[in-house]
Every structure is written in C-alpha cells, then in structure tokens.
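Please look through the sequence and the structure shown here before reading on. The paragraphs below are meant to be read with the model open beside them.

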Amino acid sequence: MADLPIITDAAAPLPDGEASLAAVRRQADNCRACPLWEHATQTVFGEGPAHAAVMLVGEQPGDQEDVAGRPFVGPAGRILDRALAAAGIDRDDVFVTNAVKHFKFLQRGKRRIHSKPNASEIRACRPWLARERRLVRPRAVAAMGATAVLGVFGEAMPIAKNRGRLIELEPEGVAIVTVHPSFLLRLLPDKARQDEEFAALVRDLGLLRPFLAHAA
Ligand code: URA
C-alpha cells in the first residue's frame, strides 16, 4: 500500500476522501495536528458497528489502550462495561471512541502517568470525532467527562447540571453528558460513594437504550 501523507491539520479536507471509517482510520494513523502523536504508541480510533445507533465518547486512550490500539480496554473500560451491562446495553451494539486519539502521559521511571489533554489538543482532534460521527451517524451520543463534552459540543458544559436529559446535537441527533468512568476509580476507598456514582452513571447510560434498534 502507498504511504499515506502526514496530516498536520486534521481539519483540512482529506486527500483520499472519506468513503469509509476504515479510510479515515488509516488517515488518522498519520495525524500530526498536535504534538501527542510523538510519544504515543499509535492512534487509537473508535470501534464498533459502522452504523451504531449510539456512540460513546471518552477522553483519550489510557496506557493499556495505547498499547492495544483499542478504546476502553483497561480499568476504565471495565467500569464502562459493567455500567453498560447494568443499563441493559450490549457494548457490541455501540460505537466507542475518544475525544483525543493519542495517549498523553508523563513518564515517571517505567510508569506512564495519564495527563489530561489541553483545549488545543482537544480542538486539534475534533475533526476526527466529527468524521466518526458523520460516517456512523449515531442517533445518540454520550459525552463522558469534561474532555468528551468539549470534543462533542466544542464548548464546556457543567456535567452535574446537564446530566439526566437529552440535549439536541448539531447537525443531528441527541447527546447526553455524564461522568467519565475513571472518575469512579478515583472515589475508592469510599465504596458507598462509588456505588452511588455508579448508579448515577447507569441511569445516564440508560437514557441511550431506547435509541438502540432492538430496544424494547
Ligand atoms: N479513558 C478514556 O477516556 N478512554 C479510553 O479509551 C480509556 C480510558
């Protein structure tokens, strides 16, 4: 296969067109629109059914996702899987992705410590999320955490005030906002608080169930 051009401006029209998710994924592999590609192992693109009715958006790949090249396969992914199951949603039915497609971290000895993407990194990555949305055309999108909110809406929005309802999304569909699953990890050892927040996450995700084709 011919080498794909390096993409330094993710918002620029794509040289090879945007016929399919697979094509966009290959182009995203070469994205240099922000500095995060340099230290990450690879671009972690979204995955799931090509025309999923529901899209879940997280923050950025973590350490395990960076190595595996797949979103939400580490500890936050395990919480997400549990919450989806409790909400009656099969993960295989939803498209799972992130607002930022490269792992941002600080190296501490052998450990890679997660570092929050900044506004310009989130902005640089928005065109990839927009392309995923344009191709998948989900009826409902969940923005999980502040970074996802910025990626999906292009502006900040307080999660506590806006969770629990459907929000109109441009150019089509609806969205919900909720906490990021890794927020729950940080609540331990307060198990009671974690249980409460887990139940709230399950309630939020439950708002998506009617959008899935086979939902009752
Ligand atoms: N956190 C995220 O936001 N996304 C992942 O893929 C993993 C952890």
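What follows is a walk through this predicted model, beginning with the ligand and its surroundings and moving on to the backbone and to other parts of the chain.

The ligand is a convenient place to begin, and the space that it takes is the largest pocket. Around the ligand stand G58, E59, Q60, P61, G62, E65, P71, F72, A76, N98 and H180, and when this shell is sorted by class it has four nonpolar, five polar and two charged residues. Three of these neighbours can be followed atom by atom. A polar backbone atom of Q60 is 2.9 Å from a nitrogen atom of the ligand, and a polar backbone atom of F72 is 2.8 Å from an oxygen atom of the ligand. With N98 the side chain takes part, since one of its N or O atoms is 2.7 Å from a nitrogen atom of the ligand. Of the 240 Å² of accessible area that the ligand has on its own, the protein covers 93%.

Q60 deserves a second look, and its place is in the loop between strand 1 (54-58) and helix 2 (63-68). Is Q60 buried or exposed? Its relative accessible area is 7%, and because buried means under 20%, Q60 counts as buried. While the backbone of Q60 offers a polar atom at 2.9 Å from a ligand nitrogen, the side chain of Q60 reaches the backbone oxygen of S115, also at 2.9 Å.

F72, another residue of the ligand shell, lies in the loop between helix 2 and helix 3 (75-86). Its phi is positive, at about 50 degrees, although F72 is not a glycine. With a relative accessibility of 5%, F72 falls under the 20% limit and therefore counts as buried.

A positive phi is also found at R137, where the angle is near 55 degrees in a residue other than glycine. The place of R137 is in the loop between helix 4 (119-136) and strand 5 (140-144). Here the relative accessibility is 53%, and because exposed means over 50%, R137 counts as exposed, whereas F72 is buried.

The backbone also holds cis peptide bonds, and where are they to be found? One of them runs from E170 to P171, with omega near -5 degrees, and P171 lies in the loop between strand 6 (167-168) and strand 7 (174-178). Another joins L188 and P189, with omega about 15 degrees, and P189 lies in the loop between helix 7 (181-185) and helix 8 (191-206).

Two further residues can be added to the picture. T97 has its place in strand 2 (residues 95-98), and it is buried, with a relative accessible area of 0%. The side chain of T97 is joined to the side chain of E132 by a polar contact of 2.9 Å. D29, by contrast, is in the loop between helix 1 (21-28) and strand 1, and at 40% relative accessibility it counts as partly exposed. The C-alpha atoms of D29 and H102 are separated by 9.8 Å, while the two residues are 73 residues apart along the chain.

Key:
Residues numbered from 1 in each chain as written. Predicted model: local features only at pLDDT ≥ 70, side-chain atom pairs only at ≥ 80, totals over all residues. Heavy atoms only, no water. Near = heavy atom within 4 Å. Polar contact = N/O pair within 3.5 Å; in protein donor to acceptor, adjacent residues only side chain to side chain. Areas by Shrake-Rupley, 256 points an atom, 1.4 Å probe, with all protein chains shown as cover. 1 Å grid on protein atoms, 1.4 Å probe; cavity = no way out; pocket = protein on both sides within 12 Å on 5 of 7 lines; lining within 4 Å. Sits in = over half its atoms within 2 Å of the grid points. Nonpolar A, V, L, I, M, F, W, Y, C, P; charged D, E, K, R; others polar. Helix = DSSP H or I, 4+ residues; strand = E, 2+ residues; numbered from the N terminus. Buried < 20%, exposed > 50% of the residue type's maximum accessible area, 1.4 Å probe, protein only.
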